[in-house]
Amino acid sequence: APEAAVGVAGPNAVVLYSTAGAFDVLPTSAHTVLGEFVVAGANHGRRVYQRKRKAGGRALPELSLFFWDARDGKELSGWWVGERVGGGKVWARNESTASEPPKNGWKCPVDG
C-alpha cells in the first residue's frame, strides 16, 4: 500500500514524499503533507521542521513536522505532521521515537 516516506534533502532539511505508483489513489491528507521541510527549532529534544511555503510556484499551507514525547501518554508519542507543534489538527503520524524523522511507517491519515 502507498504511504508517506521521508528522505533527506540536506543537513537541515527532509522531504516527505509518496511511495504511490502512477495508478494509486492517495487520500487528500497524503497530498496535504508532501513537500520539503527545513529545521525551524526543537521540541521535546528533537528537531522541528517547517514546510517550505512554496513549491513549483504555488503557495502551500504552513505545516510542521515535529516529535512529541510520552508526557501526555505513550499513545501520543512519536513524530507528527500538523498545522503547528502540539496542535490538534494533524495529517500524518509515525509512532517511532527515533532522534530523526523515520523514513517509513507513516500513517496518513493518522487513523489509517
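In this predicted model, strands β3 and β4 run antiparallel and are joined by six bridges. The two strands form a hairpin with two residues between them. Along this ladder, Asn 43 stands opposite Arg 46 in β4, and Gly 41 has Val 48 of β4 as its bridge partner. Strand β3 covers residues 35-43, while β4 covers residues 46-51.

The turn of this hairpin deserves a closer look. His 44 lies in the loop between β3 and β4, and its phi is positive, at about 50°, although His 44 is not a glycine. His 44 counts as buried because its relative accessible area of 17% falls under the 20% cut-off. A residue from another part of the sequence can be placed relative to this turn: Ala 70 is 26 residues away from His 44 in sequence, and the two C-alpha atoms are 9.5 Å apart in space. Ala 70 also belongs to a loop, the one between β7 and β8. With a relative accessible area of 45%, Ala 70 is partly exposed, whereas His 44 is buried.

Strand β4 has a further partner on the sheet. It pairs with β7 in the antiparallel sense over two bridges, and here Tyr 49 stands opposite Leu 65 in β7. Five of the six residues of β4 are buried, so this strand is largely enclosed by the rest of the structure.

On its other pairing, β3 meets β2. These two strands pair in the antiparallel sense over four bridges, with Val 14 standing opposite Phe 37 in β3. Strand β2 (residues 13-18) is in turn joined to β1 (residues 4-10) by six bridges, and β1 and β2 run antiparallel. Ala 4 stands opposite Ser 18 in β2. Like β3 and β4, the strands β1 and β2 form a hairpin with two residues between them. The pairings described here can thus be followed from β1 to β2, from β2 to β3, from β3 to β4 and from β4 to β7.

Taken as a whole, the secondary structure comprises one helix and nine strands. Read along the sequence, these elements follow the pattern β-β-α-β-β-β-β-β-β-β, with the helix α1 spanning residues 28-33.

Several of the residues met above return in the interior. In soluble globular proteins, nonpolar side chains tend to be buried together. The largest nonpolar core of this model has 18 residues, and those with the most contacts inside it are Leu 16, Val 33, Phe 37, Leu 65, Val 81 and Trp 106. At least two residues of this core come from each of β1, β2, α1, β7 (64-68), β8 (78-82) and β9 (90-94). Two of the highly connected core residues, Phe 37 and Leu 65, also appear in the strand pairings: Phe 37 is the residue opposite Val 14, and Leu 65 is the residue opposite Tyr 49.

Aromatic contacts add a further detail. A search of the whole structure finds two aromatic pairs. Phe 66 and Trp 68 form one of them, an edge-to-face arrangement with 6.4 Å centre to centre and 80° between the planes. Phe 66 is buried, with a relative accessible area of 2%. Trp 68 is also buried, with a relative accessible area of 18%, a value that lies under the 20% cut-off.

Finally, the overall dimensions can be considered. The C-alpha atoms fill a box of roughly 40 × 25 × 25 Å, taken along the principal axes. The radius of gyration is 13 Å, which agrees with a compact globule, because a globule of 112 residues would have a value near 13 Å. Buried residues make up 39% of the 112 residues. The accessible surface comes to about 6,300 Å², and 52% of this area belongs to carbon and sulfur atoms. Among contacts between residues at least 6 apart in sequence, 30% join residues at least 24 apart.

Conventions. Residues numbered from 1 in each chain as written. Predicted model: local features only at pLDDT ≥ 70, side-chain atom pairs only at ≥ 80, totals over all residues. Heavy atoms only, no water. Pairing = 2+ DSSP bridges. Core = buried A, V, L, I, M, F, W, Y, C linked by side-chain atoms within 4.5 Å. Buried < 20%, exposed > 50% of the residue type's maximum accessible area, 1.4 Å probe, protein only. Rg over C-alpha atoms; globule rule 2.2 N^0.38 Å. Contact = heavy atoms within 4.5 Å. Areas by Shrake-Rupley, 256 points an atom, 1.4 Å probe, with all protein chains shown as cover. Phe/Tyr/Trp six-rings, centres within 6.5 Å; stacked < 30°, edge-to-face > 60°.
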